[in-house]
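Student: Please take a close look at one single part of this structure, and describe it in a connected way.

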Amino acid sequence: ETHEQIKMAGLSESYDQLCNLIIRPPRFTYETSDLGAKKFRIGKGVFIREDLELINERGLTLQCSHFKPFSEEEKKPLPCVIYCHGNCGSRLDSLEGIRVLLPFTTVFTLDFSGSGLSEGEYISLGHFEKEDLKTAIEYLRSTGKTSRIGLWGRSMGAATCLLYGKDDPSISGLVLDSSFSSLKKVAMEIVENSSFKIPKLMVSLGLKFIRKSIRTKAKFDINDLEPIAAVEKCYIPALFVHGKDDDFITPKHTKALYEKYKGDKNFIEVEGDHNSLRPEFLNDSIHIFFHNTLLGKEFESSESNSSELNVPDAIPSFDSMMQSNRRMSFEEESRVIEDSLSNLSEYNDEEDEELQRAIRESLKMMN
């Protein structure tokens with residue numbers, strides 16, 4: 001092999017790693033039993049979890065769960081909050097919101113295609129996930145047992161909620177935790193904030209390579225993932241959230257989204273980073289937000305919706321279920337980023353013209 005061929009092989013491997021970081025990050029796998037008991041209690045309320053499968057528009061099977069009050073009687077339709085997980089997450093992440101919401105609303109959650117136990121090879125950071133979300137919403141409305149619907153998303157899930165929300169004004173409220181404003185901007189920031197010095201040539205050509213590769217593999221264009229363009233078309237009441245120490249998707253992304261958002265809005269900055277557990281006061285704020293947007297004057301006491309019964313001790317409590325709530329850390333993802341950027345930093349702006357020409361020719365072949 002020539003010197004240029006060896007360098008091209010190493011360069012291609014680094015870009016492939018970064019490409020997979022976007023469309024195939026570490027996939028969180030778990031057992032359905034990790035979701036806990038199908039019948040459980042919170043205080044004096046008894047609730048159940050119904051597991052189901054939905055088929056999305058691309059024919060992929062989505063694994064879903066619906067948490068709702070247990071009752072022997074048919075009740076009037078209840079509001080529902082759909083929880084949308086992040087790029088390395090699953091429906092298991094929704095457990096942190098169960099206690100916040102179940103007393104007055106049901107909770108629906110799903111593994112997006114390409115995530116968790118659902119079918120699909122790749123994720124798309126909102127592009128196809130918004131179609132999965134549409135599938136879930138259509139199902140809930142078809143049952144006749146759901147009144148108003150709210151959306152709660154984190155990271156990729158928050159971007160998904162925004163991208164969907166601009167086309168469905170019937171959604172009653174949005175909680176948007178750590179959304180990116182532009183995927184291309186996130187990619188640039190990751191490189192710019194790296195401890196490695198990456199030549200501009202490698203950055204600009206690399207983004208073109210990654211974009212073309214993703215279009216080929218996952219069938220979407222990363223340049224189209226611009227939630228910042230959706231906020232000016234969205235009027236749903238929204239609560240924006242971001243961790244002040246988040247260095248993966250920095251707080252300025254949410255601040256930019258908040259500033260341009262057209263609907264009623266509020267912004268809460270919390271302690272922690274991109275993947276931190278959120279403080280209890282935020283859960284209280286989310287409870288109040290969804291109470292107001294989903295119920296308003298229709299609010300009934302939580303006891304009326306929580307199937308208050310003489311609860312047998314044999315029914316497990318929600319606290320015992322929370323032991324299974326394991327959030328995927330970004331340690332492996334961060335390692336992939338650092339390894340890829342480290343490899344790219346080996347090149348310099350004075351790299352020979354033959355290598356530059358080879359890179360450009362390889363990009364042309366991907367058109």
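Tutor: In this predicted model, Asn56 has a relative accessible area of 6%, and because that value is under 20%, Asn56 counts as buried. Asn56 belongs to the loop between E2 and E3, and from there the side chain of Asn56 reaches the backbone nitrogen of Leu60 at 2.8 Å. Setting aside residues up to four places away in sequence, Asn56 also touches Leu62, Ser113, Asp132 and Thr135.

The loop itself is part of a hairpin, with five residues between strands E2 and E3, and within this hairpin Gly59 takes a positive phi near 85°. On either side of the loop, strand E2, which covers residues 45-55, pairs with E3 in the antiparallel sense over nine bridges. One of the residues involved is Asp51, whose bridge partner in E3 is Ser65.

Strand E3, running over residues 61-69, is mostly covered, with nine of its nine residues buried. Besides its pairing with E2, E3 pairs with strand E5, residues 106-110, again in the antiparallel sense and over four bridges. Ser65 takes part here as well, standing opposite Thr109 in E5, so that, by the bridges described, Ser65 has Asp51 as a partner and Thr109 as a residue opposite.

Key:
Residues are numbered from 1 along each chain as its sequence is written. This is a predicted model: local features need pLDDT of at least 70, side-chain atom pairs count only at pLDDT 80 or more; totals for chains, interfaces and linings use all residues. Side-chain values use heavy atoms; hydrogens and water are left out. Buried means under 20% relative accessible area, exposed over 50%, partly exposed in between (1.4 Å probe, protein chains only). Helices (H or I, at least four residues) and strands (E, at least two) are DSSP runs, numbered from the N terminus. Two strands pair if DSSP finds at least two bridges between them. A polar contact is a pair of N or O atoms within 3.5 Å; within protein, one must be able to donate a hydrogen and the other to accept it, and residues adjacent in sequence count only if both atoms are side-chain atoms. Contact means heavy atoms within 4.5 Å.
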